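User: I'm new to this one. Can you walk me through it?

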Amino acid sequence: MAMQKKLPRDFIWGFATASFQIEGSVDVDGRGKSIWDDFSRTPGKTLDGKNGDVATDSYRLWREDIALLKQYGIRAYRFSIAWSRIIPLGGRNDPVNPKGIKFYSDVIDELLKAGITPFVTLYHWDLPQELHDRYGGWLNKDEIVQDYVNYARICFQSFGDRVKHWLTLNEPWCVAVLGYGRGVFAPGRCSDRNRSQEGDSSTEPWIVAHNLILSHASAVKVYRDEFKPTQQGQIGITLNGDWEVPYDNSPENIAAAQQALDVAIGWYADPVYLGFYPDHMKKMLGNRLPDFTPEEWALVKGSSDFYGMNTYTTNLAKAGGSDEFQGNVDYTFTRADGTELGTQAHCSWLQTYPEGFRALLNYVWKRYKLPIYVTENGFAVKGEDSLPIEEAIKDHDRVEYFRGATESLYKAMYEDGVDIRSYFPWSFLDNFEWADGYGTRFGVTYVDYKTQKRYPKESAKFLIKWFREHQEQEPGSTTPLLSALP
Ligand code: PNW
């Protein structure tokens, strides 16, 4: 191999998870219910009626999980804190649960002992159910912003001496659209009365987004004012968003691709990084788009130290359609000549397209001009769930996905000059894939749900090896899992 530049030692790579998707033990040690507990137990809401009661049992198996992460030789681990373990009822006047604090504190200590940097998400969709019942949760600006800030402050106070990387919110687009627009995620609100008894998809998602952005920005202000001077960490938001390629070269489809990006990404990123809303959104929504006051704009603009990116795929964008959550743009994976964009995943919304990852990294870097932390990227292999374990762990399509993604990451950094600081494949483990239950597996580690045994897949080994070869190593460091291989 020719002399190639290597990723610096301080490039953060690791695997990601989220509390509700892995922990289980939902009634243990004083945890309060979250909206995903109730939603997943409501008949018809998740595939085969699956819920998170056990998940990957990581609330009990966390020491074993960290030991495996250590074997993988990764630098960092992204996980989320369950709000309802810290404050079971969720609110600013509700009691704090010392057992919840102790649990995450122990996890953080164990990670640090293993030489793994904790990367912590404060909110990965598991809102305390009580806050939803009490006042409408994310719909209620006056209450939720204060309650979220109170929760965040407790986390900074309890863990900030050891945690230097904070993510306020995971994928607010999904929270607003899937939870309050399409009604397919908790709390399952939408206008379709066959699917939901409550909700208004034409207004609620935009209100929820407004309150999410204010909650995020307010928590960042608290961190910067009260904690950053002594704790010296970084804090930001992480947004989902996929690349958009015009379906063909017609002017309307070229415009459609930008309009799709304006809603998928600009809805949150433009306010947070640039201090305004995309014109397309203002035109599309009129007075349904809640504006910020000048004081709020001052709080929101610049409220993230970096760009947190979750990305999985690329869409072909076609003008037309009436889905406001896609900017009134139609998405497809089938090109005009009938060919497919890439390899189809187990879930309908995902195909491989590594060129799109590189293009998105360039777009975000040019538009928002901040270092990028890739906090999720991954693939669910079609049919993986029906294979015997020995076959499932030979996850060829996932290896190919990551081969393309790492090459795109590398080219974006060293050919295009994009400032990228982290890469977190989703996910460390197969886990509770929300409304899709357990049949859709995103893990680089296979989980046998009958025994809760973990089996590293080929994709885990591919990634570990790739970073071993492409990153400067600490002198004398080893990767136990790879050294154990024949
Ligand atoms: C992300 N979509 O969710 C989440 O952050 C993870 O918790 C999740 O497991 C992972 O991606 C895989 O799905 C998404 O419909 C859910 O486009 C749905 C969509 C995108 C991301």
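Analyst: We'll go from the overall build to a few local details.

Analyst: One thing up front: this is a predicted model.

User: Fine. How many helices and strands does the protein have?

Analyst: There are 17 helices and 13 strands.

User: What box do the C-alpha atoms fill?

Analyst: Roughly 65 × 60 × 50 Å, taken along the principal axes.

User: And what is the radius of gyration, next to that of a compact globule?

Analyst: The protein has 21 Å. A compact globule with 486 residues would be near 23 Å, so the two agree.

User: How much of the protein is buried?

Analyst: Buried residues make up 61% of the 486.

User: What about contacts between residues at least 6 apart in sequence?

Analyst: Of those contacts, 75% join residues at least 24 apart.

User: Let's zoom in. How many residues of H8 are buried?

Analyst: 9 of its 9, so H8 (172-180) is mostly covered. The buried residues run from Pro-172 and Trp-173 through Cys-174, Val-175, Ala-176, Val-177, Leu-178 and Gly-179 to Tyr-180.

User: What covers them?

Analyst: The cover includes three strands: E3 (117-123), E4 (165-170) and E5 (234-240). It also includes the helices H6 (129-135), H9 and H10.

User: H9 and H10 come up there. How do their axes cross?

Analyst: The axes come within 11 Å and cross at roughly 35°. H10 covers residues 251-274. The crossing of H9 past H10 is right-handed.

User: Which residues meet there?

Analyst: H9 brings Pro-205, Trp-206, Ala-209, Ile-213 and His-216. H10 brings Trp-267, Tyr-268 and Val-272. By type, the contact has 7 nonpolar residues, 1 polar and no charged.

User: New topic. How many disulfides does the structure hold?

Analyst: It holds 0.

User: Why does Cys-190 have no bond to Cys-174?

Analyst: Distance. The closest cysteine sulfur to that of Cys-190 is in Cys-174, and it is 16 Å away, too far for a bond. A disulfide needs the two sulfur atoms within 2.5 Å.

User: Is Cys-190 buried or exposed?

Analyst: Cys-190 is buried, because its relative accessibility is 1%. The cut-off for buried is under 20%.

User: And Cys-155, buried or exposed?

Analyst: Buried too: Cys-155 has 0% relative accessibility.

User: Now the backbone. What is usual for phi and peptide bonds?

Analyst: Most residues other than glycine have a negative phi, and most peptide bonds are trans.

User: Which peptide bond leads into Pro-187, cis or trans?

Analyst: The bond from Ala-186 to Pro-187 is cis, with omega near 5°. Pro-187 sits in the loop between H8 and H9 (204-231).

User: What about the bond between Trp-426 and Ser-427, cis or trans?

Analyst: That one is cis, with omega about 10°. Ser-427 belongs to the loop between strands E11 (420-423) and E12 (445-448).

User: What is phi at Trp-434?

Analyst: Phi of Trp-434 is near 50°, a positive value in a residue other than glycine. Trp-434 lies in the loop between E11 and E12. Trp-434 is buried, with a relative accessible area of 3%.

User: And phi at Ser-25?

Analyst: Phi of Ser-25 is positive, near 45°. Its place is the loop between H1 (19-22) and H2 (35-41).

User: Is Ser-25 buried or exposed?

Analyst: Ser-25 is buried, because its relative accessible area is 11%, and the cut-off is under 20%.

Methods. Residues are numbered from 1 along each chain as its sequence is written. This is a predicted model: local features need pLDDT of at least 70, side-chain atom pairs count only at pLDDT 80 or more; totals for chains, interfaces and linings use all residues. Side-chain values use heavy atoms; hydrogens and water are left out. Buried means under 20% relative accessible area, exposed over 50%, partly exposed in between (1.4 Å probe, protein chains only). Helices (H or I, at least four residues) and strands (E, at least two) are DSSP runs, numbered from the N terminus. Axes are lines fitted to C-alpha atoms, for helices over the stretch in contact, and angles run from 0 to 180 degrees between N-to-C directions. A crossing is left-handed if the near helix is turned anticlockwise from the far one by less than a right angle, and right-handed if clockwise. Contact means heavy atoms within 4.5 Å. Ala, Val, Leu, Ile, Met, Phe, Trp, Tyr, Cys and Pro count as nonpolar, Asp, Glu, Lys and Arg as charged, and the others, Gly among them, as polar. The radius of gyration is taken over C-alpha atoms; the globule rule is 2.2 Å times the number of residues to the power 0.38.
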